[in-house]
Amino acid sequence: MEILDILPSRFGYVILTYFYSWIMLSYLAMKVGGARKKYDVKYPTMYSDKEQVFNCIQRAHQNTLEVYPQWLVFQTIAALVYPTAAAVLGAIWVTSRFSYAWGYYTGDPAKRMRGVYGYIGLFGVIILSISVALHSETSYTKEEQLVNMSGFLDSIRCGDCECNVDWAEKRNTIASVAAGVLFFTGWWIIIDAAIMFKEPDSFNHAYHACGVIATVAFLMINAVSNGQVRGDSYSEGCLGQTGARVWLFIGFMLAFGSLIASMWILFGGFVVNHKPSVYPGIAVFFQNAFIFFGGLVFKFGRTEDLWQ
């Protein structure tokens, strides 16, 4: 069987995003080459001690290369099941790198944040990749799912004793505890920052809105079961399958929005403005990141087969 026989019919759209990304990388590389000639920066010197604009042009290219392998992996995985969505999200991410670079080319590093919307594309393909992993479970029986998901944690031998631990049966407990720890850690960090920096000049308390929105998103994402979203639950509830999917989509959008906003606060409000302490910005970001990943663990780390 040829590889093209097992790929979705719309995978060609994804190939176009790969070609689009190649054009983007080539453009950024040529800009760096032109800047080397313009500002007389010889190889193998990476950055200039005198020309700030050249450094900005170089960083625009370098930062994209740092993120590109991650995007490429998640883009490919997501495209195996969701080619059209992956292509759209990929196009958003690649386009954002142009906005990011053009903002950087002005010589003002703060203007690189014009490309912050690219996180929608990056986090979008990450979520789709997680969904692909869950989608692969549906081809197994309940017993096979438990074996495959637990893997090497099926049993643990303690020395010479014969005590075996069935970690598959404890999957829901472990995922719930891990999600709770992440959620608690996120709020503990922001409370610590609020106590240390009480003055509005050092920490604008309006930034707490991001954490509140992330918490609401956490609850929304986990308010509907995977069975309701797939349409195979015994009771569809008051929302129905379409309503459950819309509800879950809004929850994820709120989660993404709060995470992206926290990044904007960190870099735009503290790093770029050279605040005396960037810890409040770091606390806002990590709070939203921990709540976000805690929601993912609680949603996808558990299995409904073990619900009583």
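Visitor: In what order do the elements of the protein chain run from the N terminus on?
Guide: Happy to start there: this is a predicted model, where local features need pLDDT of at least 70, side-chain atom pairs count only at pLDDT 80 or more, and totals for chains, interfaces and linings use all residues. Residues are numbered from 1 along each chain as its sequence is written, and side-chain values use heavy atoms, leaving out hydrogens and water. Helices (DSSP H or I runs of at least four residues) and strands (E, at least two) are numbered from the N terminus. The chain has 10 helices and 0 strands, and the order is α-α-α-α-α-α-α-α-α-α.

Visitor: Which elements give two or more residues to the largest nonpolar core?
Guide: A nonpolar core joins buried (under 20% relative accessible area, 1.4 Å probe, protein chains only) Ala, Val, Leu, Ile, Met, Phe, Trp, Tyr and Cys residues through side-chain atoms within 4.5 Å. The largest one has 29 residues, with Met24, Trp71 and Trp93 among those with the most contacts inside it. The contributing elements are helix H1 (11–39), helix H2 (52–79), helix H3 (83–104) and helix H4 (118–135).

Visitor: Nice! Which residues does Trp71 touch, not counting residues up to four places away in sequence?
Guide: Contact here means heavy atoms within 4.5 Å. With that cut-off, Trp71 touches Thr17, Tyr18, Ser21, Gly90, Trp93, Val94, Leu122 and Val125.

Visitor: And how much of the protein chain is buried?
Guide: The protein chain has 308 residues. Of these, the buried share is 39%.

Key. Buried < 20%, exposed > 50% of the residue type's maximum accessible area, 1.4 Å probe, protein only.
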